[in-house]
Each structure stands twice: as C-alpha cells, then as structure tokens.
Amino acid sequence: MTAIEEQQILITGGAGFVGSHLTERLIEDNDVIALDDLSAGKQDDVPEKSTFKQGDICNRDFLDELTDDIDIVFHQAAVVSVQRSIENPETCHEVNTDATLHLLELAREKDFRLVLASSAAIYGQPETVPISENDSKTPTSPYGIDKWTIDRYAQIYNDLYDTETVALRYFNIYGPRQRGGDYGGVISIFRDQALAGEPITVDGDGTQTRDFVHIDDVVKANILAATTEHTGEAYNIGRGQQTSIAELAETIQTLANTDSEVTYTEPRPGDIEESVADISKAREELGFEPTVSLEEGLETVLEEARGN
Ligand code: NAD
C-alpha cells in the first residue's frame with residue numbers, strides 16, 4: 001500500500017469509530033488534527049500524539065481556521081443515525097450536507113484532497129445484488145439523501161473545479177471502539193448478549209444479509225483513496241461477501257463459547273433484505289483488497305469486550 005508520510009492531515013469525526021482508527025494509523029508518520037464535537041465520539045479514543053480540536057463542523061470560521069496548510073482531509077463527522085435523520089431531517093442536513101459542502105468549497109479554495117465518508121444507504125432497497133456503483137439510488141431516509149448529495153457534490157467539484165475528491169461508500173463497518181449505532185451495531189449487541197449469557201435476539205427470521213467489513217480494511221481503503229490518481233470517483237467499500245444475520249448470530253455464539261440461545265423476534269419494518277457490495281471497482285482502481293475474515297474480525301470485537 002502507498003504510505004502517507006509527512007502530510008498535514010485533518011480528520012473530522014476524529015473521536016468517532018472510523019476517525020479514531022484513522023488517526024491512530026496515520027499519526028506515526030504525519031501531523032494529524034482530529035476534530036470532533038464529542039456528540040458521539042469520546043476524547044479518550046483520540047490518540048495522544050494528535051492535536052485534538054473540539055468543535056462543530058457547522059461552524060465555518062472554525063473549519064476555515066483548521067484547514068489552513070492542510071494536505072488531506074478525511075471527512076468522517078456526521079450525524080450517523082438514520083433514526084435521528086428521520087426525526088430531525090433539517091439538523092442532519094446541516095451537519096451531513098451543508099457542512100460538507102462548505103468543506104468542498106474550502107478544498108476548492110485551498111487545494112487539499114478531500115476523502116469523504118459516503119454510505120451504502122444511498123442505494124436504498126437494492127433491486128439486485130451485489131450492488132455496484134452505477135446501480136439506482138433510491139435512499140429511503142434523509143440520512144441516505146444527505147450522503148447521496150455529498151457523494152455527487154464531491155464528483156462535481158472534481159469535474160468542475162479540479163478539486164481532488166474521493167467518496168467511499170461504506171457498507172457495514174465493525175470493529176473495536178464501535179458504539180452501537182445503526183450499522184455494525186448489531187455485532188456489538190450480539191457480542192454483549194453472548195458474553196452476558198443472554199439470548200441473542202435476531203430481528204425477523206435472520207435471512208436478511210449485510211456486508212460486514214472490518215475497520216482495519218476501511219482504514220486501508222481511506223489511505224488508498226488519499227493517494228489514488230482516480231479522483232472524482234466513488235467506491236463501494238465492503239468485504240464483498242454477504243452474511244445473513246442468523247449466520248452472524250451463530251458465529252458469534254460459537255466464537256464466544258456461550259450458552260446463549262439465538263432467538264427470533266418480529267421483523268423490523270422496512271428492513272433491507274439483501275445487501276452486499278460489488279467491490280470490483282475499488283479493487284481495480286484503488287488496489288483495495290479486504291483481508292480481515294469475519295471470524296478474525298469478530299475475534300477483535302470479542303477481545304475488546306473481554307478486556308484483552
Ligand atoms: P461515529 O458516530 O463513531 O463518528 C462520527 C463522529 O462525528 C462522532 O465522533 C461525532 O461526535 C462526530 N460529529 C457528529 N456531528 C459532528 C459535528 N457537527 N461536528 C463535529 N463532529 C461531529 O460514526 P462512524 O461509524 O465512525 O462513521 C464515520 C462516517 O462513516 C460517518 O460519516 C458515517 O455516516 C459513515 N458511515 C459509517 C458506516 C459504519 O458502518 N460505521 C457505514 C456507512 C457510512
């Protein structure tokens with residue numbers, strides 16, 4: 001993998017799940033500013049060697065100040081909850097779209113590269129799987145619309161103004177330091193249930209599938225995006241394999257070596273039935289190759305809870 005060295009880097013959402021792992025990976029060879037308002041992130045998760053700045057990405061003066069002399073911005077800050085976006089679309093739009101548009105303006109003016117966190121939520125209920133980048137976009141939540149908007153803006157800024165942008169459409173990321181949420185949250189929930197010897201509760205019949213990708217692979221994807229010549233593009237970032245929720249529950253049950261039973265409850269209304277990324281574009285253009293198997297990745301999550 002192409003290394004990133006001696007760069008001035010800003011990571012928004014630097015105290016969050018993805019942002020803190022990215023900071024940890026990049027801090028050895030670069031100067032990293034981690035920005036976060038701590039609405040969801042924790043300052044304790046930000047590696048000490050980085051410079052932590054607490055503040056809101058909606059504060060334009062604050063963003064302007066922090067982007068002077070920056071080479072690369074990894075933009076992870078967002079209101080990540082689909083449910084919150086449904087309850088309060090306007091606030092989410094301000095954070096997820098308006099603040100990102102301002103960051104794009106700063107990238108245009110100051111000439112830094114912007115790697116953005118997009119989402120599989122932009123596709124909504126897929127017509128076919130695996131989902132490839134050109135498939136239809138029918139987001140079913142304000143969150144999905146926000147992500148689709150910034151994903152397109154990023155491409156258009158590249159086309160119109162030569163601003164270097166890359167959008168990464170994350171599927172279900174999981175790993176240590178993840179705190180619930182709408183995505184890999186299911187893994188932390190099942191883990192906690194399994195380790196407590198409580199029933200592992202699957203929504204519906206568990207045949208719904210997701211593409212779970214480990215945080216270490218997502219960090220690699222970000223580094224490749226920061227160095228690729230293929231700017232103005234969006235890439236699916238998953239493992240490229242679908243796992244049913246029932247299979248996930250059983251795997252965690254086995255790895256945790258627990259007496260917990262897997263139980264099935266009412267299905268969640270509107271739940272997406274099948275989701276898996278076609279990652280061939282990321283493979284071909286970025287050289288992205290996920291290497292963490294589901295079992296290996298789940299072990300890292302179990303180890304975290306066991307305090308190893
Ligand atoms: P996270 O909630 O752990 O991290 C987001 C961070 O942004 C938090 O630390 C939060 O405090 C911060 N933040 C929120 N609003 C802010 C604001 N106004 N100003 C400054 N900081 C603010 O979430 P994550 O899982 O690390 O997600 C990172 C990015 O990836 C997000 O953009 C999310 O939408 C996207 N994404 C994540 C997944 C996933 O599986 N985790 C999947 C698809 C897309």
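How far is an oxygen atom of the ligand from an N or O atom in the side chain of Tyr-143? In this predicted model, the two atoms are 2.5 Å apart. Let's start with that ligand and work outwards.

The side chain of Lys-147 also has a polar atom by the ligand, 2.8 Å from one of the ligand's oxygen atoms. Gly-16 joins in with its backbone instead: one of its backbone N or O atoms is 3.2 Å from a ligand oxygen. On its own, the ligand has 830 Å² of accessible area, and the protein covers 95% of that. If you step back to the whole shell, there are 30 residues around the ligand, and the ones that come nearest are Phe-17, Asp-36, Asp-56, Tyr-143 and Lys-147. Sorted by class, the shell is made of 17 nonpolar residues, nine polar ones and four charged ones.

Where do those residues come from? Two helices, H1 (17-26) and H5 (142-161), each supply at least two of them, and so does each of the strands S2 (31-36), S5 (113-119) and S7 (172-174). S5 gives the most, with three residues. Tracing the chain through these elements in the viewer is a handy way to see how the shell is put together.

Next, some backbone details. Most residues other than glycine have a negative phi, and most peptide bonds are trans. With that in mind, take a look at the loop between S5 and H5, where Pro-130 lies. The peptide bond leading from Val-129 into Pro-130 is cis, with omega near -5°.

A few residues also go against the usual sign of phi. Glu-6, in the segment before strand S1 (8-12), has a phi near 50°, which is positive even though the residue is not a glycine. Glu-6 is exposed, at 71% relative accessible area. Asp-162 tells a similar story: no glycine there either, yet phi is positive at about 60°. You'll find Asp-162 in the loop between H5 and strand S6 (165-170), and with a relative accessible area of 63%, Asp-162 is exposed.

Another positive phi turns up at Asn-257, near 55°, in the residue that follows helix H8. H8 itself runs over residues 245-256, which makes 12 residues, and spans 16 Å from its first C-alpha to its last. That is close to the 16 Å expected at 1.5 Å a residue. Which residues of H8 are buried? They are Ile-245, Ala-246, Leu-248, Ala-249, Thr-251, Ile-252 and Ala-256. An α-helix has 3.6 residues a turn, so residues three or four places apart point the same way. Try looking down the helix axis with the buried set coloured.

Now for the charged pairs. The structure as a whole has 14 salt bridges. One of them joins the side chains of Lys-49 and Glu-28, at 3.0 Å from N to O. This pair links distant parts of the chain, 21 residues apart: Lys-49 sits in the loop between S2 and strand S3 (51-54), and Glu-28 in the loop between H1 and S2. Both ends are on show, as Lys-49 is exposed at 60% relative accessible area and Glu-28 is exposed at 53%.

The salt bridge between Arg-108 and Glu-105, with its closest N and O atoms 3.0 Å apart, is a local affair. Both residues belong to helix H4 (residues 89-110), and because they are three residues apart, about one helical turn separates them. Arg-108 counts as partly exposed, at 37% relative accessibility, and Glu-105 is partly exposed too, at 31%.

Glu-304 and Arg-191 make a salt bridge of another kind, again with the closest N and O atoms 3.0 Å apart. Glu-304 is in helix H10 (residues 294-306) and Arg-191 in helix H6 (residues 185-195), so this pair ties together parts of the protein that are 113 residues apart in sequence. Glu-304 is partly exposed, at 32% relative accessible area, while Arg-191 is buried, at 9%. Finally, Asp-203, Arg-210, Arg-268 and Asp-271 are joined into one network by salt bridges that share partners.

Terms used
Residues are numbered from 1 along each chain as its sequence is written. This is a predicted model: local features need pLDDT of at least 70, side-chain atom pairs count only at pLDDT 80 or more; totals for chains, interfaces and linings use all residues. Side-chain values use heavy atoms; hydrogens and water are left out. A residue is near a molecule or strand if one of its heavy atoms lies within 4 Å of it. A polar contact is a pair of N or O atoms within 3.5 Å; within protein, one must be able to donate a hydrogen and the other to accept it, and residues adjacent in sequence count only if both atoms are side-chain atoms. Accessible areas come from the Shrake-Rupley method with a 1.4 Å probe; for residues, only the protein chains shown count as cover. Helices (H or I, at least four residues) and strands (E, at least two) are DSSP runs, numbered from the N terminus. Ala, Val, Leu, Ile, Met, Phe, Trp, Tyr, Cys and Pro count as nonpolar, Asp, Glu, Lys and Arg as charged, and the others, Gly among them, as polar. Buried means under 20% relative accessible area, exposed over 50%, partly exposed in between (1.4 Å probe, protein chains only). The expected span of a helix is 1.5 Å times one less than its number of residues. A salt bridge is a side-chain nitrogen of Lys or Arg within 4 Å of a carboxyl oxygen of Asp or Glu.
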